[in-house]
Amino acid sequence: MSAAVPVEKKRVAAKAEQNANGHKRFKSMPVRLTGTARKPAIAPEGTLKAGAAEEPAAPAPAIEKAPGMGEKRQVSFVQMLVFELRVRDAMTSPPITATTTDSLRSIQHLMKAHRISGVPILANDVLVGIVSIEDIINALDGGHINESVEQWMCRKIVTLRDHFSLVRAVAEFDRHGYGRFPVLDANNRLVGVITRGDITVCLMHHLERRAEEAVAKEATLVATRAADEKAHRIVINTDVKSGDFESAGKLSQRMREVLRARGVAPEILRRAAIIAYEAETNIIIHSLGGRITTAIDAIKVRIKAVDSGPGIENTDLAMQEGWSTAGPLARELGFGAGMGLPNIKRCADEFTIQSELGRGTRLQAAVFLQKADTRL
Amino acid sequence: MKLKSATKLPALLTAVEARPLTDLAEVELSGCYISDLLSDVLANAQPGVLWVTIHVHRNVVSVASMKDITAVLFTCGRKPEAAIIAEAAEKGIMLLTTPMTTYEAAGKLWKAGLR
């Protein structure tokens, strides 16, 4: 029969079932897990049905769609949290417990004293049952409140493992409708009790902490920027592509605009521009691509050109005027005079070059902005 | 002997039968530099000169701008693309083209008083 069902229909049917389940399970979650309907994100569901004790690794959910404006970040944040946080992070531990020989009346007092609505029952330190507030009401109603726990406790217990994720815990609450779960560790020892309230408190607590961290990080960023501004520091990063002759000069153009706006003398400006331009064209002509970082402060402009290979075979030779390995296209465009590196060196107040075959080249040059003498 | 009037751009136009590609201003040139190697121009050209070259690539404009070169004369009738001409105009670099070879143009410019 299954062979007769078109594949597409089967898929649709399966999806509908999944949606129904998902809706049912998540309907009363404090934070809706919208847009996490990707397979890895709902993996706990499959294991729920099997009732397996081992939980699959829950990857961070991918956010496809978030409800409402401005909620996106926060929801995704909570989503991350419910996958990250474990039952042991949220549970009340150690739990308030009683033994099988205790009376229901004493349990009633325990509940009142600790403001709880369920008490796990232990026999020789092993979890054997649970008494909920409902059992107490029934006992009061039925007149057996002074009898021992043994014959009235609920023995059919559903437990959670302390390493379960909170998203799985929430799913279990939705699935069973219980107000609390005893929590067992890997050795089947009772280590805590978890309620929906515990999960909410835990999430709020972590959200608050993350928010504080974010505020602190922002403050650091602002401080760094302020320090940069005070030092009049500007950093321009530019990726340079191999063979991209059309873009040559764009970086040095930007750098010149910044320097000109700062009233740097034309000669100094020109030297810095030539270094940036030659470094840029070197990467375009000779390398597989690289990056140029230009850092300008009140004292000097630093130009760092790093490429990802192939490296210069002989830097001493490359530093000689007229020596060039530029290809025919570069030469056709007027490059490959064999003057690039010598030009850079001549224009720079500080200059270093390191190159390793197969690794790449790292060129660093600096020009002091205040110096009056001109080299070109 | 330097003829002051001859070092001004429009006056030199006729000497090399050049055609302007951008608007020309009445500017005095500080001299002339001839090279088809960009790095050579970067290293050796003085600001304010007329640069004579056969290259019509965008990088000519970049180099000219970097060296504060006043004007570029393309020889052998070469002419850059419209976008490059527009870029030069935007950067305040004047562009001209002449049907003469670089050698011929150099001779005429020298004769006209551009030293």
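The exercises below work through a predicted model, each with a solution in steps. Local features need pLDDT of at least 70 and side-chain atom pairs count only at pLDDT 80 or more, while totals for chains, interfaces and linings use all residues. Residues are numbered from 1 along each chain as its sequence is written, and chains are lettered from A and ligands numbered from 1 in the order in which they are written.

**Exercise 1. Chain A as a whole**

State how many helices and strands chain A has, and what percentage of its residues is buried.

Step 1. Helices (H or I, at least four residues) and strands (E, at least two) are DSSP runs, numbered from the N terminus. Chain A has 13 helices and eleven strands.

Step 2. A residue is buried if 20 or more other C-beta atoms lie within 10 Å of its own, exposed if 12 or fewer, and partly exposed in between, with C-beta atoms placed from the backbone. Of the 376 residues in chain A, 31% are buried.

Step 3. Two residues are in contact if their C-beta atoms, placed from the backbone, lie within 7 Å. Taking the contacts in chain A between residues at least 6 apart in sequence, 62% join residues at least 24 apart.

**Exercise 2. Two packed helices**

Describe how H5(A) and H6(A) pack, and name the residues that make the contact.

Step 1. Axes are lines fitted to C-alpha atoms, for helices over the stretch in contact, and angles run from 0 to 180 degrees between N-to-C directions. Helix H5 (residues 104-114) and helix H6 (residues 133-142) of chain A pack at about 130°, and their axes are 10 Å apart.

Step 2. Angles under 35 degrees count as roughly parallel, over 145 as roughly antiparallel, 65 to 115 as roughly perpendicular and the rest as oblique. H5(A) and H6(A) are therefore oblique to each other.

Step 3. On the side of H5(A), the contact uses Leu104(A), Ile107(A), Gln108(A) and Met111(A); on the side of H6(A), Ile133(A), Ile136(A) and Ala139(A).

Step 4. Ala, Val, Leu, Ile, Met, Phe, Trp, Tyr, Cys and Pro count as nonpolar, Asp, Glu, Lys and Arg as charged, and the others, Gly among them, as polar. The contact of H5(A) with H6(A) has six nonpolar residues, one polar and no charged.

**Exercise 3. Buried helices**

Find out how many residues of H7(A) and of H3(B) are buried.

Step 1. In helix H7 (residues 166-176) of chain A, eight of the eleven residues are buried, so the helix is largely enclosed by the rest of the structure. The buried residues include Arg168(A), Glu172(A) and Phe173(A). Gly177(A), just after H7(A), has a positive phi of about 75°.

Step 2. In helix H3 (residues 58-66) of chain B, nine of the nine residues are buried, so this helix too is largely enclosed by the rest of the structure. Among them are Arg58(B), Asn59(B) and Met66(B).

Step 3. The cover over the buried residues of H3(B) includes elements of both chains: among them are helix H9 (250-261) and H10 of chain A, and helix H2 (38-44) and helix H4 (82-90) of chain B. Asp68(B) follows H3(B) and has a positive phi, near 55°.

**Exercise 4. Where the chains touch**

Which helix gives the largest share of the side of chain A that touches chain B?

Step 1. The contact involves 19 residues of chain A and 15 residues of chain B.

Step 2. Helix H10 (266-286) and helix H13 (340-347) of chain A each supply at least two residues. The largest share, six residues, comes from H10(A).

Step 3. By class, this side of chain A has eleven nonpolar, five polar and three charged residues.

**Exercise 5. Strands around S11(A)**

Which residues stand opposite Ala366(A) in the strands that pair with S11(A)?

Step 1. Two strands pair if DSSP finds at least two bridges between them. Strand S11 (residues 360-368) of chain A is joined antiparallel to S9(A) by seven bridges, and seven bridges also join strand S10 (residues 350-356) of chain A to S11(A), again antiparallel.

Step 2. Ala366(A) has Arg302(A) opposite, and Ala366(A) is also the bridge partner of Glu350(A).

Step 3. S10(A) and S11(A) form a hairpin with three residues between them, and Gly358(A) in the turn has a positive phi of about 85°.
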